[in-house]
Each structure stands twice: as C-alpha cells, then as structure tokens.
Amino acid sequence: MANSGVQLLGFFLSLIGIVALIIGTILPQWKMSAYIGDNIITAVAMYQGLWMSCAFQSTGQLQCKIYDSILQLDSSLQATRALMIVGIIVSVAGLGVACMGMKCTTCGGSDKLRKSRVAMTGGIILLVGGLCSIVACSWFAHNVIRAFYNPYTPVNTKFEFGAAIFIAWGGSLLDVLGGAMLAASCPRKKQVSKYPSMASSRSGAQSGTKEYV
C-alpha cells in the first residue's frame, strides 16, 4: 500500500512538473531588462524568451514579435530550445510508461513485479527528461549572468532573470523528484533461504522417530 502511495505521489509530481515545463517554455519572460543605471527611467520593459521577444510599455500595451529565423539566433538559444523540447517529450513518454506500470492501473498485465519494473523504467525516463530541462535552464541562466557582468555590455541592454525561467526550473525539479519516486518504487526480490527452517527440521525428526516406534 505504501509503495502504491509513493507511485501516485511521484506520478502527480511529474505531471505538475511537465505542465510547468510546457508553460515555462512558451512564456516569453525568460529574461527581462534590468533596471540599473539610466535604464531606471525607461518607460519600456523588454522581455525575451525562447520563441519571441516582447516590449511592455508603461501604458499597459504589450507588443510581442516571434523570432523570424532560427538561423539568426545564437547557438546557446537554439540549444536551450532543443533541450527543453527534448526534455518535455522524454518526460511525457516516461509518464506514459510509468502509468502502465503503476499498481493502481489495470493495463500492463497482472504481474506485480513486472508492473513495478515498468514503473521504475518510466521513472528513469522521467529523470532523464528532467535533467535535460535542468541543463537547459542552467545554461540559459549562465549566459544571462555572464552578459550581465560583462563590462563591455551596455547598461541599457543588460538583462536579468524573468519569471518563466523560474517556472521551468521548478517544473524540472518536480519532474526529477517524481521520477526518482517512481524509480525507487520497485520492490526487492525476497531472498529464499538455502537452509531449511528449524520448524521443518523438527517436524521431520519427529516423524522419523514415530516411524521407528
């Protein structure tokens, strides 16, 4: 029963993590303009994401523009996009595999040991997907920090972390945590003793003495 509860908890944590990953990947607030120096008095806030860049004016108007060409983007942004997409696809596949191996589902046969191994495989796949997303977010954050502290970067073009990267980070951690719970839910095999038990040996001895009498 406890094993089934761990599987359910890991499944729902991974599901929430995948939803957060999808939302974080779509949102354009991966980095936002930093309000330092002369940039404090600006009336426009700039946001840049994986798919588009947006400008939020003080009047409340938001204008977004999708990136025209993939080839015009820098290699780090292209790698981040690819890792996030791979992480989401792998996590969804792992969640489907784990669902077939959970004890509370009827698909996958009635063999409990086999279903537990399938759930463990799904958990490992979820771990791989979550790690891909963590690498993508950390790489993007590293580039933002490096550009922020670069003395040759103009003050009005410096960016800091936006809300979307924190959502993606949180989703990645939930994905990894849920995958770890599913991977650790596989029961161990019961070890069969090589020696007969004391009760069976005593009963055998008693039966042997009765036969001689």
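**Exercise 1. Find K158 in this predicted model and work out what its side chain is doing.**

Start with the location: K158 sits in the loop that runs between α3 (112-148) and β5 (159-161). Keep in mind that we're working with a predicted model here.

Next, look for a charge partner. K158 is buried yet has no salt bridge. The cut-off to apply is a side-chain nitrogen within 4 Å of a carboxyl oxygen. The nearest side chain of opposite charge belongs to E160, and that one is 11 Å away, so the salt-bridge criterion isn't met.

Finally, check the backbone. The side chain of K158 reaches the backbone oxygen of F148 at 3.0 Å.

**Exercise 2. Track down the disulfide, give its handedness, and sort the cysteines by burial.**

Step one is the count: the structure holds one disulfide. C54 and C64 form it, with their sulfur atoms 2.0 Å apart. The partners are ten residues apart, with C54 in strand β3 (residues 52-57) and C64 in strand β4 (residues 62-66).

Step two is the torsion. About the S-S bond of C54 and C64 it comes to about 110 degrees, so the disulfide is right-handed.

Step three is accessibility, where buried means under 20% and exposed over 50%. C54 has a relative accessible area of 1%, so call C54 buried. Its partner C64 has 43%, which makes C64 partly exposed.

Now run two other cysteines through the same test. C99 comes out at 29%, so C99 is partly exposed. C132 lands at 19% and therefore counts as buried.

**Exercise 3. Compare the UniProt transmembrane annotation with the modelled secondary structure.**

Pull the record first. An unreviewed UniProt entry places "transmembrane region" at residues 6-27, 39-59, 79-98, 118-141 and 161-184.

Then take two of those stretches. Over residues 79-98 the chain is 100% helix and 0% strand, and the end C-alpha atoms lie 28 Å apart. Over residues 161-184 you get 88% helix and 4% strand, with 34 Å between the end C-alpha atoms.

**Exercise 4. Sum up the fold in a few numbers.**

Begin with the elements: the protein has five helices and five strands. Read from the N terminus, the order is α-β-β-β-β-α-α-β-α-α.

Then burial: of the 213 residues, 35% are buried.

Last, the contacts. Take those with a separation of 6 or more; residues 24 or more positions apart account for 67% of them.

Methods: Residues numbered from 1 in each chain as written. Predicted model: local features only at pLDDT ≥ 70, side-chain atom pairs only at ≥ 80, totals over all residues. Heavy atoms only, no water. Helix = DSSP H or I, 4+ residues; strand = E, 2+ residues; numbered from the N terminus. Buried < 20%, exposed > 50% of the residue type's maximum accessible area, 1.4 Å probe, protein only. Lys, Arg positive; Asp, Glu negative; His and termini not counted. Polar contact = N/O pair within 3.5 Å; in protein donor to acceptor, adjacent residues only side chain to side chain. UniProt positions renumbered as here; feature names shortened; annotations may be inferred. Disulfide = S-S within 2.5 Å. Contact = heavy atoms within 4.5 Å.
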